[in-house]
Amino acid sequence: MAKMGKYESLFIVNATLETEAIQEVVARFKSLVEQNGTLESVDEWGKRKLAYPIDDMNEGYYVLLTFTAPTEFPAELSRVYNITDAVIRSLVIAKNA
């Protein structure tokens, strides 16, 4: 059996998208995590001002996921974040037990 770990992932969605499009992106990543591990919590922070402009954007839609998954999964999640045009920044970190 694959070794499991606890992780947190914060991603920022382009806030200029329609509300439905933002929710579709959030739902896509929730289901991706659920398919590969156990989603413990989803904390949608909503639209917030960015610390600095990214691609001429000053706001982003922040989402924090807390989950347990095999140790190989965070690399795949980061890869999917990077190829998703709607995600402007993302971070996946391992939590200490």
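Here are four short exercises with worked solutions on a predicted model.

**Exercise 1. The length of helix α1**

Compare the span of helix α1 that you would expect with the distance between its end C-alpha atoms.

*Solution.* Start with the extent of the helix: α1 covers residues 19-36, which makes 18 residues. Next, apply a rise of 1.5 Å a residue, counting one less than the number of residues, and the expected span comes to 26 Å. Finally, turn to the model, where the end C-alpha atoms of α1 are 26 Å apart, in agreement with the expectation.

**Exercise 2. The two sides of helix α1**

Find the buried residues of α1, work out how they are arranged around its axis, and list what they pack against.

*Solution.* Begin with burial, for which the cut-off is under 20% relative accessible area. The buried residues of α1 are I22, V25, V26, F29, L32 and V33. Now look down the helix axis: these buried residues fall within an arc of 120°, so they line one face of α1. Then turn to the face pointing away from that buried side, where you will meet the exposed residues T19, E20, E24 and Q35. To finish, follow the buried residues outwards: they pack against the strands β1 (4-14), β2 (38-54), β3 (57-70) and β4 (87-94), and also against helix α2 (73-83).

**Exercise 3. The partners of strand β1**

Which strands are joined to β1 by bridges, and in what direction do they run?

*Solution.* Take β3 to begin with: eleven bridges join it to β1, and the two run antiparallel. One residue pair to look for here is K6 with its bridge partner T68 in β3. Move on to β4, which is joined to β1 by seven bridges, again in an antiparallel arrangement. Here you can look for F11, whose bridge partner in β4 is S90.

**Exercise 4. Two residues in their surroundings**

Decide whether S9 is buried or exposed, do likewise for Y52, and describe the contacts of each.

*Solution.* Locate S9 in strand β1. Its relative accessible area is 0%, so S9 is buried. Leaving aside residues up to four places away in sequence, S9 touches V63, L64, L65, F67, L77, Y81, L91 and V92. With one of these, Y81, the side chain of S9 makes a polar contact of 2.6 Å.

Now go to Y52, which lies in strand β2. Its relative accessibility is 47%, and therefore Y52 counts as partly exposed. With residues up to four places away again left out, Y52 touches M57 and R89.

Terms used
Residues numbered from 1 in each chain as written. Predicted model: local features only at pLDDT ≥ 70, side-chain atom pairs only at ≥ 80, totals over all residues. Heavy atoms only, no water. Helix = DSSP H or I, 4+ residues; strand = E, 2+ residues; numbered from the N terminus. Buried < 20%, exposed > 50% of the residue type's maximum accessible area, 1.4 Å probe, protein only. Arc of directions from axis to C-beta. Contact = heavy atoms within 4.5 Å. Pairing = 2+ DSSP bridges. Polar contact = N/O pair within 3.5 Å; in protein donor to acceptor, adjacent residues only side chain to side chain.
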